[in-house]
Amino acid sequence: MSRGRIVVERGGRVESEHRFAWRLADGDHDEQAFLRSAAKPLQALPAVRAGVLERLGLDDRHLAIGCASHGGSPEHVARVSEILAACGLGVGHLSCGAVAPRDPVAAAALSAPPRPIHHNCSGKHALGLALCVVEGWPVEGYLEAEHPLQRAMADAVAGALGVEAPGHAVDGCGMLTFRAPLSALARAFGRLAGGDLGAPGTRVAAAMRAHPRLVAYAGAIDTELMAATPAIAKIGAEGVIAIGCEDGRGVAVKVADGAMRALDPAAVWAAGELLGLPVDGARLAALAAPEVRNSRDEVVGRLSVAAAS
């Protein structure tokens, strides 16, 4: 059936529920979703292929932040700033808009209004701008669908997915987002993690594994999966996650109503039950059954996977 259900319990009774779909890399193509930020590691491939890191004196920390939905911490902001400085650009060239840091710790520490560099997608934008500079493409209008940057990213995503022309729309940060079968997303992450996308894909996967806290932040499900297992993982908005293993297996999950609170338990379940990854550590166990707290910080319920098959 490739579907499951997350229940929200309060006082020992079910209060509400979220449904999710999942597909393996070898599954069918009947369930589609917008990939959102789960596509970022694939969108980073053109920059790696063009030698952006070597030509600008950058390293795998900058590649990891280019694949990230980061938390806006000082470390995250510093890595994005370094990419921009290396290609002679500044924060003013980022067209992602300004949003507050996603990491609660970073958000609480911010003493001034957020800037575009705090946007969780600023790393992708900075790495894309660096590719524009290296390739001699115009920096202006880099969000336009027909801009060489967007075409290069779209081609890379399509190639990794094995889908000739994935549907597209505008993402939350202004770049293109892609709609494709969940099984194609699962297969792309299996290929990425397993080395089937060539040297650029291998480098992207290695950067994500080496720097999971740059790809998101402590407590985020993709960061914690990569910190605890040999897999690579990346979330996307509206309840999407893709996980890839070194042996080429992969899984993609989509929460039907887009509720991000349901994604953590669904992802831990999929990683453990479908891919056999070690998910019994304390940090992943907490994400497998997140607590529901009230305004007094009292635990009044929790979420859990009620059924999946």
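These exercises work through aromatic pairs, one helix and the cysteines of a predicted model.

**Exercise 1. Classify the ring pair formed by W22 and W269, and state which parts of the chain the pair ties together.**

Solution.
- Step 1. Start with the count: the structure holds 2 aromatic pairs.
- Step 2. Take the geometry of one of them. The rings of W22 and W269 are 6.0 Å apart, centre to centre, with 55 degrees between their planes.
- Step 3. Apply the cut-offs. Stacked needs planes under 30 degrees apart and edge-to-face needs over 60, the rest being tilted. The W22 and W269 pair is therefore tilted.
- Step 4. Place the residues. W22 belongs to strand 2 (residues 13–24) and W269 to helix 13 (residues 263–274), so the pair joins parts 247 residues apart in sequence.
- Step 5. Check the surroundings. W22 and W269 are both buried. Ring pairs also bring in F20, giving a cluster of F20, W22 and W269.

**Exercise 2. Find the charged residue that lies over the face of F34.**

Solution.
- Step 1. The residue is R179.
- Step 2. Its distance from the ring centre of F34 is 5.7 Å. The cut-off for such a contact is 6 Å.

**Exercise 3. Test the length of helix 5 (residues 74–86), then work out how its buried residues are arranged.**

Solution.
- Step 1. Helix 5 has 13 residues. The expected span is 1.5 Å times one less than the number of residues, which for helix 5 gives 18 Å.
- Step 2. Compare with the model. The end C-alpha atoms of helix 5 are 18 Å apart, which agrees.
- Step 3. List the buried residues of helix 5: H76, V77, R79, V80, I83 and L84.
- Step 4. Look down the axis. These buried residues fall within an arc of 160 degrees, so they line one face of helix 5.
- Step 5. Turn to the other side of helix 5. There P74 and A85 are exposed.
- Step 6. Identify the partners. The buried residues pack against helix 4 (60–66), helix 7 (122–135) and helix 11 (212–215).
- Step 7. Step past the end. Just after helix 5, G88 has a positive phi of about 75 degrees.

**Exercise 4. Decide whether C96 and C121 are bonded or free of disulfides, and buried or exposed.**

Solution.
- Step 1. The structure holds 0 disulfides.
- Step 2. For C96, the nearest cysteine sulfur is that of C173, 6.9 Å away. A disulfide needs sulfur atoms within 2.5 Å, so C96 is in none.
- Step 3. C96 has 6% relative accessibility and so counts as buried.
- Step 4. For C121, the nearest cysteine sulfur is again that of C173, at 4.0 Å. C121 is in no disulfide.
- Step 5. C121 counts as buried because its relative accessibility is 4%.

Conventions: Residues numbered from 1 in each chain as written. Predicted model: local features only at pLDDT ≥ 70, side-chain atom pairs only at ≥ 80, totals over all residues. Heavy atoms only, no water. Phe/Tyr/Trp six-rings, centres within 6.5 Å; stacked < 30°, edge-to-face > 60°. Helix = DSSP H or I, 4+ residues; strand = E, 2+ residues; numbered from the N terminus. Buried < 20%, exposed > 50% of the residue type's maximum accessible area, 1.4 Å probe, protein only. Lys NZ or Arg CZ within 6 Å of the ring centre and 35° of its normal. Arc of directions from axis to C-beta. Contact = heavy atoms within 4.5 Å.
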